[in-house]
Amino acid sequence: MNFGIIAAGEGSRLVQEGVARPKPLVDIDGRPMIERLVDIFCTLGADRISVIVNDRMPEVADFLRGLTPRVPARLELVVKSTPSSMHSFHELGRLLRGSGRFVLTTVDTIFRADDFARYVGDFAAASADTDGMMAVTRHIDDEKPLYVETDDAMRITAFRDEAWPGARFVSGGIYGLDDRAVDVLDRCVADGTRRMRNYQRALVAAGLRLKAYDMGKIIDVDHADDIRKAREFLSGDRSATPIPTN
């Protein structure tokens, strides 16, 4: 399986709240959150890990370059500022295209490693008529959650900005996709679409068969207090151990 990490945001809210380190380098469980993701992906046998980082945060790129000698997967780095996470994905899509199914996540998406491993395994084993598998959560702790509507078989039928009676899931910021989704992404960029949630709506409109996967609790680190919440959430998670240094 190949993996992608979107880490090109500016983390402006953390800066305003007194967090000096760039968001990808914030310590979550004794490691920067971006290192934790790389370690988890490698534990799952990643062939390739493609990462985009902001060109105004050179220390993040330098940190990843320093990881490269000990990472068994092929680590590909894009250093570029983009107007949105959707456009960051577009940059990574050039690298991920043609390699089969892949899993993409934003750097500030915090989950338990075992939950993620089950998700990746189920996506890898999903039938050929599954074009994508989106991680969802019932834990709603986001300023602008994206609600995910499904049928009884967990097939995604819509992405909504507002909740409705019976709404169960919100997007977890983890996307299992393949080349068909990259094709839709190319069209969205060409058409001027600017938000990740509108891209996800375009996937449904294009007829892609997407499944929702309840991955349990997922936390987004947007504010300083979210760092505390993430650390508490992961305090008992010992399943994502660091890759040993050679």
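Buried here means under 20% relative accessible area. The structure in these views is a predicted model.

**Figure 1. The buried side of helix α3.** Helix α3 spans residues 58-67, and its residues Val-60, Ala-61, Leu-64 and Leu-67 are buried. These four cover an arc of only 115 degrees around the axis, so they lie on the same side of α3. In general, an α-helix has 3.6 residues a turn, so residues three or four places apart point the same way. The packing partners of the buried residues of α3 are α2, β2 and β3, the last of these covering residues 74-79.

**Figure 2. Surroundings of Arg-48 in strand β2.** Strand β2 runs over residues 48-53 and includes Arg-48. Arg-48 counts as buried because its relative accessibility is 17%, which is under the 20% limit. When neighbours within four places in sequence are left aside, Arg-48 is in contact with Met-1, Asn-2 and Phe-3, with Ala-73, Arg-74 and Glu-76, and with Leu-95, Leu-96 and Ser-99.

**Figure 3. Aromatic pairs around Phe-116.** The model holds nine aromatic pairs. One of them joins Phe-41 and Phe-116 in a tilted arrangement, with 5.7 Å centre to centre and 35 degrees between the planes. This pair links distant parts of the chain: Phe-41 belongs to helix α2 (residues 33-43) and Phe-116 to helix α5 (residues 113-125), 75 residues apart. Phe-41 counts as buried because its relative accessibility is 0%, and Phe-116 is likewise buried at a relative accessible area of 0%. Phe-116 also pairs with Phe-111; these two rings are stacked, at 4.6 Å centre to centre and 20 degrees between the planes. Phe-111 and Phe-116 are both buried. Ring pairs join Phe-3, Phe-41, Phe-111, Phe-116, Tyr-119 and Tyr-213 into a cluster.

**Figure 4. Arginines over aromatic rings.** Arg-36 lies over the face of Phe-111, 5.8 Å from the ring centre. The ring of Phe-111 also takes part in the stacked pair with Phe-116. In another part of this view, Arg-160 lies over the face of Trp-164, at 4.4 Å from the ring centre.

**Figure 5. Glu-17 and its contacts with His-223 and Ala-224.** Glu-17 is located in the loop between α1 (12-16) and α2. Its relative accessible area is 39%, so Glu-17 is partly exposed. Not counting residues up to four places away in sequence, Glu-17 touches His-223 and Ala-224. Glu-17 and His-223 are 206 residues apart along the chain, yet their C-alpha atoms are separated by 7.3 Å.

**Figure 6. The protein chain as context for the close-ups.** The protein chain has eight helices and 11 strands. Its C-alpha atoms fill a box of roughly 45 × 40 × 35 Å along the principal axes. The radius of gyration is 17 Å, which agrees with the value near 18 Å that a compact globule of 246 residues would have. Of the 246 residues, 53% are buried. Among contacts between residues at least 6 apart in sequence, 77% join residues at least 24 apart. The chain exposes about 10800 Å², and carbon and sulfur atoms supply 48% of this area.

How values were computed: Residues numbered from 1 in each chain as written. Predicted model: local features only at pLDDT ≥ 70, side-chain atom pairs only at ≥ 80, totals over all residues. Heavy atoms only, no water. Helix = DSSP H or I, 4+ residues; strand = E, 2+ residues; numbered from the N terminus. Buried < 20%, exposed > 50% of the residue type's maximum accessible area, 1.4 Å probe, protein only. Contact = heavy atoms within 4.5 Å. Phe/Tyr/Trp six-rings, centres within 6.5 Å; stacked < 30°, edge-to-face > 60°. Lys NZ or Arg CZ within 6 Å of the ring centre and 35° of its normal. Arc of directions from axis to C-beta. Rg over C-alpha atoms; globule rule 2.2 N^0.38 Å. Areas by Shrake-Rupley, 256 points an atom, 1.4 Å probe, with all protein chains shown as cover.
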